[in-house]
Amino acid sequence: MSAAGSLVVDGLTVRFRLPRAEAEVRAVSDVSFSLAAGECLALVGESGCGKSVMAAALLGLLPANAWIGGRATLIDDDDAELELVGAAEGVLAREVRGRRIGLVPQSPAAHLTPVRTVRSQLEETVRELLRSERAQVRTIAEGVAERAAYPVDHLDRYPHELSGGLAQRAAVALALVGDPWLIVADEPTTGLDRALVERTADELRRLADAGHAVLLVTHDLAAAERIADRVAVMYAGRIVEVAPAAVFFGDGPRHPYARGLLAALPEREFVPIPGMPPELTALPQGCVFAARCGSASTECTKLPVLVDGVACHHPEGVGCG
Ligand SMILES: Nc1ncnc2c1ncn2[C@@H]1O[C@H](COP(=O)(O)OP(=O)(O)OP(=O)(O)O)[C@@H](O)[C@H]1O
Ligand SMILES: [Mg+2]
């Protein structure tokens, strides 16, 4: 694992230009958070709120129509900094992707090469990232597969022969090969049954406990509760709350949107948040959640900033109305 002490994201912003359109897609707006070695941060929020775009931005994997601003800095133990935003493609390819940051992509089947077996793709990644002796490549590949709960006797399958869950685990294995310091896992448990969700989540937790950092992008709040230290809630491209997991799943978050997200769970109140998120091409001036919020007031026409982990003019909880 390459030595790194933390990831500091500051004001990260991503816009997409649309062909023949005046408006742009404001996919990620002024996102700031930090992540230290040994920590797992869960990033949650409704579909389309910008989670995967943010993950792609960290790895320099945005498409050509994207504009990116702000900073995302990897800081080594010895305080050496590597700025990810605007880094040259050569640096990202040689030093970042797979080595310092491993990505488990959201649609793993689309990222596997269709004409090659999982074994051959894993072994190639082992050769490329670890420069291992020929004799060791097979053993290392099988070891990584096992850690990712990918059955070794299915390694000779082609991607089209994999279930969604197997493709998911193959993607986790590929992300682990280079022993990256930061693992960005974008919905790594989709399509898995509960036992495999828990096994995959527990492997991510083990990695954090071993000194890695884990950014878990997920819709699965049970998986987040199982392994996350902190939970960041994203809404319409913004982080509206960051809370310790024990508080988030205990007393509850303070932002009305975050509270609504939890209350919508079948095992809780099972009450959906009324309304729909705003179009990212037509975001309101002030609080992005105001139109759906029961506590909204005239103050909410001003954009709230993140104070004590919550961006809201009327946060619930101690000392607030
Ligand atoms: N290349 C692109 N050009 C224009 N808009 C894009 C592009 N890629 C993503 N978007 C838009 O950015 C927004 C955020 O998408 P993103 O995939 O990050 O959502 P998400 O939070 O990961 O959702 P989900 O939970 O469904 O995975 C969406 O409105 C999406 O349509
Ligand atoms: Mg996504």
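## A buried strand residue

Val214 sits in strand β8, which covers residues 213-217. Keep in mind as you look around that this is a predicted model. Is Val214 buried or exposed? Its relative accessibility is 0%, and buried means under 20%, so Val214 counts as buried.

You can also use Val214 to get a feeling for distance. Val214 and Glu89 are 125 residues apart along the chain, and 23 Å separates their C-alpha atoms.

## The magnesium ion

Now find ligand 2, the magnesium ion. Which residues coordinate the magnesium ion? Ser52 does so through its OG atom and Gln106 through its OE1 atom, at 2.0 to 2.1 Å. Ser52 belongs to helix α1 (residues 51-58), while Gln106 is in the loop between β6 (101-104) and α3 (108-111), so the pair ties together parts that lie 54 residues apart in sequence.

How open are these two residues? Ser52 is partly exposed, at 27% relative accessibility. Gln106 is partly exposed as well, with a relative accessible area of 38%.

## Around ligand 1

Next, turn to ligand 1. There are 17 residues around ligand 1, and those that come nearest are Ser47, Gly48, Lys51, Gln106 and His219. Sorted by class, this shell holds 8 nonpolar, 7 polar and 2 charged residues. Which element gives the largest share of the shell? That is α1, with 3 residues. Both β2 (24-36) and α1 supply at least two residues of the shell.

Some individual atom pairs are worth finding on screen. An oxygen atom of ligand 1 lies 2.9 Å from a backbone N or O atom of Val53. For Cys49, a backbone N or O atom is 3.2 Å from an oxygen atom of ligand 1. Asn65 takes part through its side chain: one of its N or O atoms there is 3.2 Å from a nitrogen atom of ligand 1. How much of ligand 1 does the protein bury? Taken alone, ligand 1 exposes 640 Å², and the protein buries 69% of that.

## A mostly covered helix

Helix α6 runs through residues 164-176, which makes 13 residues. From its first C-alpha to its last, α6 reaches 19 Å, close to the 18 Å expected at 1.5 Å a residue.

How many residues of α6 are buried? The count is 11 of 13, and the helix is mostly covered. Among the buried residues of α6 are Leu166, Val172 and Leu176. Gln168 and Arg169 are also on the buried list, as are Gly165 and Ala167.

## A polar contact and a loop

Two last stops complete the tour. Thr73 lies in strand β4, residues 66-75, and is buried, with a relative accessible area of 5%. Which residue shares a polar contact with the side chain of Thr73? The partner is Glu83, and the side chains of Thr73 and Glu83 are joined by a polar contact of 2.7 Å.

Ala88 is in the loop between β5 (81-83) and α2 (89-96). With a relative accessible area of 46%, Ala88 is partly exposed. Along the chain, Ala88 and Gly60 are 28 residues apart, and their C-alpha atoms are separated by 9.0 Å.

Terms used:
Residues numbered from 1 in each chain as written. Chains lettered and ligands numbered in written order. Predicted model: local features only at pLDDT ≥ 70, side-chain atom pairs only at ≥ 80, totals over all residues. Heavy atoms only, no water. Donors = N, O, S within 2.8 Å, 3.2 Å for Na, K, Ca; no water. Helix = DSSP H or I, 4+ residues; strand = E, 2+ residues; numbered from the N terminus. Buried < 20%, exposed > 50% of the residue type's maximum accessible area, 1.4 Å probe, protein only. Near = heavy atom within 4 Å. Polar contact = N/O pair within 3.5 Å; in protein donor to acceptor, adjacent residues only side chain to side chain. Areas by Shrake-Rupley, 256 points an atom, 1.4 Å probe, with all protein chains shown as cover. Nonpolar A, V, L, I, M, F, W, Y, C, P; charged D, E, K, R; others polar. Expected span 1.5 Å × (residues − 1).
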